[in-house]
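Open the model in your viewer and follow the stops below in order. Each stop says what to select and what is found there.

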Amino acid sequence: MMDYKKAGVDIEAGYKSVELMKEYVKGTMRPEVLGGLGGFSGAFSMSAFKGMEEPTLLSGTDGVGTKLKLAFLMDKHDTVGIDCVAMCVNDVACAGGEPLFFLDYIACGKNVPEKIATIVKGVAEGCRQSGSALIGGETAEMPGFYPEDEYDLAGFSVGIVDKKDLITGENLCAGDVLIGMASSGVHSNGFSLVRKVFEKELTKEGLNTYYDELGTTLGEALIAPTRIYVKALRNVKEAGVTVKACSHITGGGFYENIPRMLKDGVKAVIRKDSYPIPPVFKLLAEKGQIEEQMMYNTYNMGLGMIVAVNPADVEKAMEAMKAAGEAPYVVGSIEEGEKGVSLC
């Protein structure tokens with residue numbers, strides 16, 4: 001007699017993982033969430049946003065990428081969920097939006113309920129940091145498609161903004177100041193190159209090796225979760241500062257992401273020595289013999305989010321960011337010229 005379990009899918013394990021993750025999910029609830037966990041869809045009331053002139057929904061979706069390979073090697077699964085949420089909610093916040101709710105998708109070779117619950121614990125923590133409700137998700141057990149001890153993790157965020165508060169970059173002008181908020185390290189981009197550079201170190205032993213220049217083990221430095229800038233950007237808005245343009249520095253680094261915040265006729269000028277570059281990037285560049293241009297074209301180089309504000313608002317914006325626990329730096333300015341970014 002054949003059954004689903006013999007085919008490699010354990011429905012009971014699925015039930016158990018849902019039970020185990022419920023307590024983490026509960027901690028992310030918002031008053032707008034309707035109904036409990038376990039329905040076919042997540043319901044979220046929009047009545048709280050009736051006061052907006054033109055309520056506009058924003059959305060973002062992403063995964064964690066090959067950073068997951070590191071989690072498998074280290075057998076550490078409690079922070080990749082933060083990365084997953086961060087990659088999505090930072091994009092929503094970058095447009096001026098408030099993230100409302102999040103859904104996650106985990107596909108695995110074998111459902112080990114405790115492991116799945118640990119992954120979701122990280123997702124819930126990311127939701128908590130961004131004020132998002134985790135209102136749904138999916139765990140797909142896919143034997144023969146993924147190796148038994150591997151999984152993929154992705155998700156998406158839905159947020160809201162009053163149309164008049166959308167951050168578009170259309171009012172940027174020469175003289176505006178660029179403020180960068182520090183990243184926690186590599187975040188969740190460029191890990192295929194990281195893995196190539198540290199090919200020989202990608203063992204349990206190698207990742208547990210302490211590096212003086214990092215002040216931590218290689219594994220800890222690389223797996224450090226992506227920072228979530230939602231609270232900082234909300235603080236800036238509540239301080240009465242208008243963010244004229246904003247860029248989430250992800251895959252493609254400075255060269256790809258900064259131009260996305262610019263309108264035609266202006267360029268961003270960034271001073272490389274205006275903030276501290278985390279030692280993990282120096283180690284990566286030296287060990288991999290990666291040219292500086294390629295580093296800035298692949299990684300965040302220590303800045304996870306860059307905003308443009310009026311010179312008169314710099315002090316107020318930086319105070320608001322610090323109050324949210326971020327480390328802001330004045331890193332450059334907007335000048336007239338062909339749309340693009342120049343580093344000096």
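The domain bounds used on this tour come from an automatic or database domain assignment. The model is predicted. With those bounds, domain 1 covers 4-165 and domain 2 covers 176-343, and each gives at least three residues to the lining of the second largest pocket.

**Stop 1: the second largest pocket**

Select Gly96, Asp165, Leu166, Ile167 and Lys237, which lie nearest the centre of the second largest pocket. Its lining has 27 residues, and the space inside is about 610 Å³. Now colour by secondary structure: E4, E6 and helix H8 (230-238) are the elements that supply two or more residues to this lining. Which of the elements gives the most to the lining of the second largest pocket? H8 does, with 5 residues. Colouring by residue class splits the lining into 11 nonpolar, 6 polar and 10 charged residues.

**Stop 2: the largest pocket**

Move on to Val18, Leu37, Gly38, Gly136 and Gly137, the residues nearest the centre of the largest pocket. This pocket has a volume of about 860 Å³ and a lining of 36 residues. Show helix H1 (11-26), strand E1 (33-34), strand E4 (98-108) and strand E5 (133-141); each of them supplies at least two lining residues. H1 gives the most, with 9 residues. By class, the lining of the largest pocket holds 18 nonpolar, 12 polar and 6 charged residues.

**Stop 3: strand E6 and its partners**

Select strand E6, residues 151-162. Is E6 largely enclosed or largely open? Of its 12 residues, 9 are buried, so E6 is largely enclosed by the rest of the structure.

Add strand E3 (residues 55-63), which pairs with E6 in the antiparallel sense over 9 bridges. To see one of the contacts, pick Gly60, whose bridge partner in E6 is Ser157. Then add E4, which runs antiparallel to E6 and is joined to it by 10 bridges. Here pick Asp104; its bridge partner in E6 is Gly155.

**Stop 4: an aromatic pair at E6**

The model contains 6 aromatic pairs. One of them is Phe72 with Tyr151, an edge-to-face pair at 5.0 Å centre to centre with 75° between the planes. Phe72 belongs to helix H2 (residues 67-74) and Tyr151 to E6, so the pair ties together parts that are 79 residues apart in sequence. Both rings belong to buried residues: the relative accessible area is 17% for Phe72 and 4% for Tyr151. The cut-off for buried is under 20%.

**Stop 5: two residues with positive phi**

Select Gln289, in the loop between helix H10 (279-288) and helix H11 (292-296). Gln289 is not a glycine, yet its phi is positive, about 50°. Is Gln289 buried or exposed? With a relative accessible area of 72%, Gln289 is exposed.

Finish at Met301, in the loop between H11 and strand E12 (303-309). The phi of Met301 is near 55°, again a positive value in a residue other than glycine. Met301 counts as buried, at 6% relative accessibility.

Note on methods
Residues numbered from 1 in each chain as written. Predicted model: local features only at pLDDT ≥ 70, side-chain atom pairs only at ≥ 80, totals over all residues. Heavy atoms only, no water. Phe/Tyr/Trp six-rings, centres within 6.5 Å; stacked < 30°, edge-to-face > 60°. Helix = DSSP H or I, 4+ residues; strand = E, 2+ residues; numbered from the N terminus. Buried < 20%, exposed > 50% of the residue type's maximum accessible area, 1.4 Å probe, protein only. 1 Å grid on protein atoms, 1.4 Å probe; cavity = no way out; pocket = protein on both sides within 12 Å on 5 of 7 lines; lining within 4 Å. Points joined across faces, edges and corners; volume = space filled by probe spheres on them. Nonpolar A, V, L, I, M, F, W, Y, C, P; charged D, E, K, R; others polar. Pairing = 2+ DSSP bridges.
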